[in-house]
Amino acid sequence: MLADIASNLSLGLSVAASPEGFLFLVLGAFLGMIVGLFPGFGPAAGIAVLIPMTFGLEPTIAIIMLAGIYYGSMYGGTITSILINTPGESATVASTIDGYPLAQKGRAGPALVMQAIASFFGGTVGVILITALAPSLANFAASFGPSEYFLIIAVGLLMLTTMMGDNKFKGFISALIGFAVGTVGVDVMSGQQRYTFGSPELIGGVYFVAVAIGLFGIGELLHCIFNGQHRQPAKRLRISFRDAAFWPSKQDYYESRWTFWRGSGIGFLAGVLPGSGATLGSIIGYSVEKKVAKDPEKFGKGEMRGLVAPEAANNAASAGAMVPLLSLGIPGSGATAVLLGAFLMWGLQPGPLLIVNDPEFVWGLIASMYLGNMILIAMSIFAIPLFVKFLDIPYVNVVPVIVLLCVIGAFAINASIIETWILVGSGLIGFAMKRYGYSPAATVLALVLGSMAEETFLQTYIISRGTMSLFWERPVSLVLSLILLAVILIPIIVNLMGRTRKETALTKQ
């Protein structure tokens, strides 16, 4: 088995370390860090906005670049969390709890270096686990048919929508919006047009790129403007890695030695579970670290372990989210949902057959993650003074540049004005969703997976001759059906039990 893994990685390195692959990997990592610096523009928004830059590239090189943007933004998002108490995106919120107090204590340098090391450690552990687990999962799933695929898609969507935010109802509504948009185009069974309103441009359906750019890019931008961020002055900060105080102390490393491992393990597991992702992983990683610490009172006041834990967790989760994406075709996060759309756009079908049919692509992507983590730790540490200068640019000057990139990206899809109008409409919807607590990530995920769910369901219906018996006759389908049923019923049962206990308590009083 080790020989097979070594052979596969060698194949992947031949792709990722090629001059073209390495160039676009470095470019993607650099752009990802810049994306992470801007509040609200996390990996999902960054990938969505920058997908048009990959048009014309060979599919493997394009996905390697997008993957670089994906985990590069996880590194960059923490810089603002530490320096100005403004997380770049939700996965770095937990990093502000101790990161910003460390900067206030005059330890911004050590905090930035430790977050880079923790990110590298968590990301590398995650990629090692991907290398070990992805082939096994692919072999297990090789016997999957339409019924299994449909049930996996259903479980993934259900887990995502029920785990996003406090209001589960809004999660379902967000997903339904994506499904509704996904019905535009041609009916799979009859070949008739649906909801195209006579427009030939919509016969092929609504392209997810324009919707994703609008929801994440324009929507986040409008929300930031609504909150008055464009009125805030630029933060003028100066920091140099040549200063002795820039580097962490031996005590920082010693006290965090087990934190790296705990955060990485928790984060990877959270990433593998569809719907959990880096945000939940970082929060759980921080909470666990505080609970196991002998001095929990130090947390929240500038404790290095409180920064290392969520950073190791969110980068390990970013890697973990690639496992269900590559091996089962199910995104584990909003960012991987956008990546899934990119896969489909280039004619790549994530799932068990991807590793068999396109080993060069899969192992090239995995190998690029090893190289990307090495590039990013060097970039994170030695380019920190350069990235900090981006914070000198007033947000009001950044807005028109982002809008221009979004419009050009949407128009470039088919050189059609209709994508631009879809961008505008999606941007307004994205702002409303952000404003009222709905989930743009669930919408994009449902849009990307909606057609796949419809197709696999109809295939199952036809194969079983309308009886739908495949859902319980095949062993794997039966297990997945039970899991789907449990995911639906457990929250309902828990709520009923909670209400019963409250009613009993009130009766006793």
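Buried means under 20% relative accessible area, exposed means over 50%, and partly exposed is in between (1.4 Å probe, protein chains only). This is a predicted model, where local features need pLDDT of at least 70 and side-chain atom pairs count only at pLDDT 80 or more, while totals for chains, interfaces and linings use all residues. Residues are numbered from 1 along each chain as its sequence is written, and side-chain values use heavy atoms, with hydrogens and water left out.

**Exercise 1.** Sort phenylalanine 121, phenylalanine 260 and tryptophan 261 by how open they are.

*Solution.* Start with phenylalanine 121: its relative accessible area is 23%, so call it partly exposed. Phenylalanine 260 has just 8%, so it's buried. Tryptophan 261 comes to 51%, so it counts as exposed.

**Exercise 2.** Work out how the rings of phenylalanine 121 and phenylalanine 260 are paired.

*Solution.* First, the rule: rings of Phe, Tyr and Trp (its six-membered ring) pair if their centres lie within 6.5 Å; planes under 30 degrees apart are stacked, over 60 edge-to-face, and the rest tilted. By this rule there are five aromatic pairs. Here the centres are 5.3 Å apart and the planes sit at 50°, so this pair is tilted. Next, place the partners: phenylalanine 121 is in helix α6 and phenylalanine 260 in helix α11 (residues 257-272), so the pair ties together parts 139 residues apart in sequence.

**Exercise 3.** Now do the pair of phenylalanine 121 and tryptophan 261.

*Solution.* With 4.9 Å centre to centre and 90° between the planes, this pair is edge-to-face. Finally, put the pairs together: Phe121, Phe260 and Trp261 are linked into a cluster.

Conventions: Helix = DSSP H or I, 4+ residues; strand = E, 2+ residues; numbered from the N terminus.
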